[in-house]
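Below are my notes on how the parts of this model pack against one another. Please read them with the structure open.

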Amino acid sequence: MTMAGKHLLTLADMARGDLEALLNRAQHFSEGADSRGRLSGIAVCTLFFEPSTRTRLSFQRAAQRLGADVLNFDAATSSTTKGETDVDTLRNIEAMGVRGFVIRHREDCAVARLSDVVQPATKLINAGDGRSQHPTQGLLDMLTIRQAKGDDFSKLKIAIVGDIKHSRVARSDLCALRALGATDVRVCAPESLLPDAETLRGCTVEANVDKAVAGTDVVMTLRLQRERMQEGLVSSLEDYHRDYGITLDRMKLARPDAVVMHPGPMNRGIEISDEVADGPQSLILRQVANGVAVRMAVLETALAG
Amino acid sequence: MTMAGKHLLTLADMARGDLEALLNRAQHFSEGADSRGRLSGIAVCTLFFEPSTRTRLSFQRAAQRLGADVLNFDAATSSTTKGETDVDTLRNIEAMGVRGFVIRHREDCAVARLSDVVQPATKLINAGDGRSQHPTQGLLDMLTIRQAKGDDFSKLKIAIVGDIKHSRVARSDLCALRALGATDVRVCAPESLLPDAETLRGCTVEANVDKAVAGTDVVMTLRLQRERMQEGLVSSLEDYHRDYGITLDRMKLARPDAVVMHPGPMNRGIEISDEVADGPQSLILRQVANGVAVRMAVLETALAG
Amino acid sequence: MTMAGKHLLTLADMARGDLEALLNRAQHFSEGADSRGRLSGIAVCTLFFEPSTRTRLSFQRAAQRLGADVLNFDAATSSTTKGETDVDTLRNIEAMGVRGFVIRHREDCAVARLSDVVQPATKLINAGDGRSQHPTQGLLDMLTIRQAKGDDFSKLKIAIVGDIKHSRVARSDLCALRALGATDVRVCAPESLLPDAETLRGCTVEANVDKAVAGTDVVMTLRLQRERMQEGLVSSLEDYHRDYGITLDRMKLARPDAVVMHPGPMNRGIEISDEVADGPQSLILRQVANGVAVRMAVLETALAG
């Protein structure tokens with residue numbers, strides 16, 4: 001497998017075979033197997049320049065199940081790193097003998113930039129940087145779709161609804177869907193929340209959410225950051241819910257066996273209604289469970305053997 | 001044992017046999033035994049919606065001695081959970097494969113409420129919620145009394161002095177004392193800090209602290225939150241100390257072999273004097289030590305086997 | 001070895017043999033050996049009354065490699081300890097069964113003071129207190145010098161440049177250098193940042209940094225806290241860099257094989273230039289790596305067997 005012993009920086013340009021190998025290994029872990037010996041004695045540090053307790057916990061659980069030693073460094077709140085560059089912080093912790101870094105960063109492409117300064121044996125996992133990529137979220141979304149709908153993505157109709165412009169989740173999902181051969185991907189968002197053309201390569205833009213959802217197998221909705229209102233990109237939460245919220249009524253337009261996904265944390269009543277979030281079509285908690293399995297596969301692939 | 005595989009939400013209505021079984025198991029652990037295999041591979045999360053580093057550490061140490069994997073989530077300071085309900089936070093971490101939750105919450109009866117939404121295999125331990133209950137503190141207090149005074153609670157005279165109204169510790173203690181057969185329990189507090197009649201069931205209210213302490217085997221004093229003064233419930237710290245503080249002079253009114261307990265952290269010079277806190281009658285550090293043993297018993301009972 | 005089973009409070013008055021025994025053991029660990037069984041089942045708590053994520057991580061990694069259970073208590077930000085004395089906080093966590101404490105404190109000589117109140121089996125490691133001592137930093141600096149320059153310190157010319165007055169690192173370094181037999185130690189700092197005569201015992205004070213560095217084997221530079229400017233102790237960062245900054249030009253005055261050290265985190269462009277920090281003479285990351293090895297040796301010596 002060509003990802004073995006490599007950083008995980010992005011899903012852009014990842015070969016289908018590499019992606020599927022990661023998903024297969026994640027599937028194995030999602031069925032419950034621990035592998036305490038795989039990373040035994042290896043130190044993994046969660047190095048978060050932007051806080052995200054939930055993603056940190058998921059990686060931490062994955063590392064525990066592989067037997068790694070975990071160190072947590074919340075650089076966003078650490079006073080000791082004031083005035084220190086992220087490169088110096090990283091290289092210092094690397095010098096302590098840490099082999100794997102799970103990095104969250106506010107800045108676009110920061111993890112790729114940081115990968116240039118570490119030693120060959122050190123591996124970086126991108127846990128979300130700026131608006132660029134969140135590859136483990138992309139992988140867990142694909143695993144979730146595959147479990148629900150099988151592995152032939154070319155047969156699927158998929159809608160992605162919401163703030164795609166600011167979403168690293170959507171960027172990683174779109175890369176992975178293309179790699180896995182999805183051909184009917186519709187994106188739906190207010191004009192102000194649509195990204196550039198390159199991000200949308202191979203997708204259909206559909207202004208009307210009802211049309212976007214119609215006949216789909218999978219509806220992926222995204223978190224609406226409340227700051228989009230202050231920025232004037234969204235007129236009101238009520239309007240957004242009316243125009244883009246995923247409700248039971250809207251889900252009736254999708255296929256009867258359609259599933260709904262959300263990367264969390266949810267704004268209930270805004271991008272998704274309670275009935276959908278907690279209903280039988282929701283795979284939202286399955287996504288969270290798959291997150292641990294995917295991160296086990298990713299850590300093992302980067303660091304083991 | 002009927003508590004096996006159950007949540008620990010409250011000591012109210014716990015059967016004497018269940019209580020004694022937990023205390024017996026805690027006694028075993030208090031004598032030093034680790035049981036690293038008991039929760040090996042099982043993930044326990046401390047999920048604190050109200051901060052309490054000390055209680056968290058005690059549970060964490062207990063989980064380590066049982067071989068569990070520990071995850072800490074300080075929901076009180078986490079930015080990622082802003083706008084997310086406690087139910088969603090809990091269910092998300094549950095979906096990561098966490099089996100046991102140690103929950104601290106600001107809200108009365110919150111842990112019982114949360115126990116309705118989890119999967120059958122998931123077990124919740126109440127680490128203090130609102131003013132309702134703090135069952136592991138109640139248990140460790142009972143263990144401490146039993147070690148000092150034997151297991152026939154019907155022979156004991158016990159005084160509880162201080163802010164009972166706002167104290168989940170006192171509520172859990174009173175439940176446990178009743179269950180274990182204590183018949184002479186005196187409570188003493190300013191009128192403004194006395195709870196409702198149901199909480200006081202089976203107790204004697206004694207306005208005068210000297211009379212409350214007279215002839216007792218056990219004096220339990222409680223932390224006075226400084227905010228009680230701002231709320232006008234206590235006139236001044238000096239007055240409180242004079243009227244309710246446990247001092248060497250007051251302890252001379254108790255039995256010569258009487259013991260003193262406090263749930264910590266202490267306000268020295270307010271509810272308790274230095275001489276008493278650090279004197280030979282003080283069991284305060286013994287309570288802390290017993291806390292780990294009790295939490296081992298509780299975690300093992302809820303999660304093992 | 002006479003340090004076995006003792007606190008590590010200071011390097012002042014440590015016998016040369018004890019110091020060398022610790023360095024020898026650290027050298028062993030720096031060559032990569034883990035010893036997971038050494039502290040297995042033993043709980044070590046990082047108890048930081050002053051925040052320092054980086055030092056905490058280094059001790060945590062050391063404890064992991066020895067198989068200890070680690071608990072972290074950031075007393076600086078804990079709300080539960082408000083109004084509680086440091087003695088009560090320490091004794092409470094001690095009562096939970098914690099055997100080793102790694103303590104960072106704002107106050108001079110605090111760790112020695114705290115060592116008076118613990119049980120005989122409890123061992124304290126000073127992780128930096130006030131301006132007094134930072135013994136593990138002193139040890140890791142000595143290990144780094146020894147690896148680079150051999151173990152005959154009497155042959156070495158060493159310059160220490162910067163804010164020695166406020167530096168516990170410099171105090172520990174000076175004690176260790178004296179104990180190991182160094183005879184040519186020059187200190188260089190603005191008048192306002194020079195310490196008392198006792199601290200400088202056996203050193204030469206050199207006002208001019210070029211003269212201080214001339215012909216040296218080792219140049220140790222210190223972090224300049226920006227608050228020194230607000231206190232009026234330093235006129236400007238630009239002036240400081242011009243007069244005391246370690247630059248490539250200045251390093252040309254040292255021996256060609258001279259090495260440069262810094263305790264981190266660096267203010268690049270102030271006390272050290274980028275070219276020196278990242279150049280071939282820099283041992284800064286080697287110091288960090290040695291920190292873990294030294295802390296393993298210190299924890300093992302205090303707590304094992």
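1. Some terms first. Axes are lines fitted to C-alpha atoms, for helices over the stretch in contact, and angles run from 0 to 180 degrees between N-to-C directions. Helices (H or I, at least four residues) and strands (E, at least two) are DSSP runs, numbered from the N terminus. The model is predicted: local features need pLDDT of at least 70, side-chain atom pairs count only at pLDDT 80 or more, and totals for chains, interfaces and linings use all residues. Residues are numbered from 1 along each chain as its sequence is written, with chains lettered from A and ligands numbered from 1 in the order in which they are written.

2. In chain C, helix 5 packs on helix 6 (residues 168-179) at an angle of about 55°, and their axes are 8 Å apart. The two helices are therefore oblique to each other (angles under 35 degrees count as roughly parallel, over 145 as roughly antiparallel, 65 to 115 as roughly perpendicular and the rest as oblique). Helix 5 of chain C passes helix 6 of chain C in a right-handed crossing (the near helix is turned clockwise from the far one by less than a right angle; anticlockwise would be left-handed). Residues in this contact include Pro135(C) and Met142(C) of helix 5 and Val169(C) and Cys175(C) of helix 6; two residues are in contact if their C-beta atoms, placed from the backbone, lie within 7 Å.

3. Helix 5 (residues 135-149) of chain C also meets helix 12 (residues 284-303) of chain C, where the axes come within 8 Å and cross at roughly 120°. This crossing is right-handed as well. Among the residues that meet are Leu140(C) and Thr144(C) in helix 5 and Asn290(C) and Val294(C) in helix 12. The contact has six nonpolar, five polar and three charged residues (Ala, Val, Leu, Ile, Met, Phe, Trp, Tyr, Cys and Pro count as nonpolar, Asp, Glu, Lys and Arg as charged, and the others, Gly among them, as polar).

4. Chain A is divided into domain 1 (16-133 + 288-303) and domain 2 (135-285), with bounds from an automatic or database domain assignment. Their C-alpha centres lie 26 Å apart, and 23 residues of domain 1 are in contact with 17 residues of domain 2. On the domain 1 side, helix 12 of chain A gives the largest share, eight residues.

5. Between chains, 18 residues of chain A are in contact with 18 residues of chain B. Helix 2 of chain A supplies the largest share of the chain A side, seven residues.
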